[in-house]
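Open your viewer, switch to a cartoon view, and keep the selection box handy. We will go from stop to stop, and at each one you can select a few residues and look around.

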Amino acid sequence: MGSLSSLNSICIDRGRFPKCLDEIKNSKVKKLCLRASVATSAPKSLQFEEFKAQKFEKFRIGVLGASGYTGSEIIRLLANHPNFQITLMTADRKAGQSIGSVFPHLVKQDLPDMIAVKDADFSNVDAVFCCLPHGTTQEIIKGLPSSLKIVDLSADFRLRDVGEYEEWYGQPHSAQELQKEAVYGLTEISRTEIQSARLVANPGCYPTSIQLPLIPLMKANLIEVKNIIVDSKSGVSGGRGAKEANLYTEIAEGIHSYGVTRHRHVPEIEQGLSEAAKSKVTVSFTPHLMPMSRGMQSTIYVEMAPGASTEDLYQHLRNFYEKEEFVVLLKKNEIPHTRHVRGSNYCLMNVFPDRIPGRAIIISVIDNLVKGASGQALQNLNLMMGIPENTGLLSIPLFP
């Protein structure tokens with residue numbers, strides 16, 4: 001793998017990256033190697049020249065909760081990842097079964113059978129994706145070897161205030177020391193902290209779609225911290241549990257509002273916005289389920305700061321995300337649609353003037369299972385393991 005021909009093969013066939021730019025300056029395949037995602041503030045390790053040969057090694061990955069939607073999405077994404085190899089999968093209710101018997105679309109993946117968490121041997125694992133329901137994750141992560149890198153996709157480590165966790169999730173937090181260690185993993189916002197973290201709390205889907213456009217504007221004092229209204233709509237793949245509210249006849253041919261005034265993502269959203277604004281932010285947030293499997297749109301109504309215009313908001317977002325791989329500000333007047341991000345790790349957004357003077361409308365769309373969950377988790381683990389964060393995530397959205 002040390003020869004230039006090997007590197008060429010890696011770039012073309014498997015989406016891997018060359019050892020350094022010097023080795024491909026004169027290569028005919030230079031244009032076929034996709035750029036790494038690098039923000040202006042990105043650490044040096046994200047640059048090609050810092051991506052050393054040893055980074056092509058394989059890391060052994062465990063997926064806890066492999067039988068859920070986020071677990072299966074992790075497995076789908078890792079199928080084309082050159083550096084990550086799944087060596088352990090758990091699913092208590094599906095213990096002893098193959099992944100293909102639970103998810104037939106993964107039948108060709110050569111993976112170990114799923115086992116119960118209590119039977120898992122972590123001696124052959126370097127990092128773990130924890131895709132378990134909230135409330136179950138804390139004790140399990142407490143028992144994992146301290147050498148493991150962990151990305152937790154539950155809500156258990158997202159809220160820094162454990163009292164707030166108890167208020168919104170109805171149970172005390174049982175891993176408060178780990179909570180202090182956890183880094184909130186909104187990748188484009190906290191890249192440097194994520195890179196050096198051992199435990200990352202992967203953001204929720206709604207908070208991702210809302211915070212990505214709002215945090216840069218909050219930090220720049222371009223919008224007011226009051227009168228923020230968020231109307232979000234999601235596909236029904238937020239969980240695989242058998243719930244009456246998620247039955248086809250309950251969801252099809254209609255819109256289903258839920259969690260009105262009390263959705264558990266509210267404190268997570270307000271936590272991130274308050275930190276960005278350096279003052280308390282309260283939002284009006286209402287989520288809705290739509291009769292589709294994937295996709296999420298957040299339509300956000302904001303009051304602009306005195307003297308600010310929608311052009312100011314647009315230009316700031318353009319500059320902030322200009323060098324990002326996965327966050328895209330569309331051309332003016334183009335409306336983001338969920339169908340344009342399906343199956344991908346992209347977030348599309350845009351800003352529009354409201355008919356009410358002094359207000360703006362921001363629309364943000366993601367795939368709730370990818371950028372809203374497993375894709376962002378993979379983006380984070382890439383950073384934690386010191387490889388380009390877009391590795392394994394360059395799939396073009398599915399359309400139609």
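## Stop one: the cavity

The largest cavity has a volume of about 30 Å³. Keep in mind that this is a predicted model. With 30 Å³ as the lower limit, the count comes to 1 cavity.

Which residues line the largest cavity? Select L77, G343, S344, N345, V370, G392, L393 and S395, and show their side chains. Colour this lining by residue class and you will get 3 nonpolar residues, 5 polar ones and no charged ones.

## Stop two: helix α2

Keep L77 selected, since this lining residue is also one of the buried residues of α2. Now extend the selection to the whole of helix α2, residues 69-78. How many of the 10 residues of α2 are buried? The helix is mostly covered, with 8 of them buried. These are T70, G71, S72, E73, I74, I75, L77 and L78.

To see what covers these buried residues, bring up the strands β1 (59-64), β2 (84-90) and β3 (127-130), which are included in the cover. Then add the helices α3 (99-102) and α12 (370-384), also part of it. V370, which you met in the cavity lining, falls at the start of the range given for α12 (370-384).

## Stop three: C205

Next, select C205, which the UniProt annotation "active site" covers in an unreviewed entry. You will find C205 in helix α8, which spans residues 205-219. Is C205 buried or exposed? C205 has a relative accessible area of 16%, so it counts as buried, the cut-off being under 20%.

Show the surroundings of C205 as sticks: apart from neighbours within four places in sequence, it is in contact with H265, M296, I366, N368 and G372.

## Stop four: D231

Finally, move to strand β7 (residues 228-234) and pick out D231. D231 counts as partly exposed because its relative accessibility is 23%.

Which side chain is joined to that of D231 by a polar contact of 2.5 Å? Select K233 and draw the distance between the two side chains.

For contacts beyond four places in sequence, add T286, H288, Q297, S298 and T299 around D231. Of these, try H288 for a C-alpha distance: H288 lies 57 residues from D231 along the chain, and their C-alpha atoms are separated by 8.0 Å.

How values were computed: Residues numbered from 1 in each chain as written. Predicted model: local features only at pLDDT ≥ 70, side-chain atom pairs only at ≥ 80, totals over all residues. Heavy atoms only, no water. 1 Å grid on protein atoms, 1.4 Å probe; cavity = no way out; pocket = protein on both sides within 12 Å on 5 of 7 lines; lining within 4 Å. Points joined across faces, edges and corners; volume = space filled by probe spheres on them. Nonpolar A, V, L, I, M, F, W, Y, C, P; charged D, E, K, R; others polar. Buried < 20%, exposed > 50% of the residue type's maximum accessible area, 1.4 Å probe, protein only. Helix = DSSP H or I, 4+ residues; strand = E, 2+ residues; numbered from the N terminus. Contact = heavy atoms within 4.5 Å. Polar contact = N/O pair within 3.5 Å; in protein donor to acceptor, adjacent residues only side chain to side chain. UniProt positions renumbered as here; feature names shortened; annotations may be inferred.
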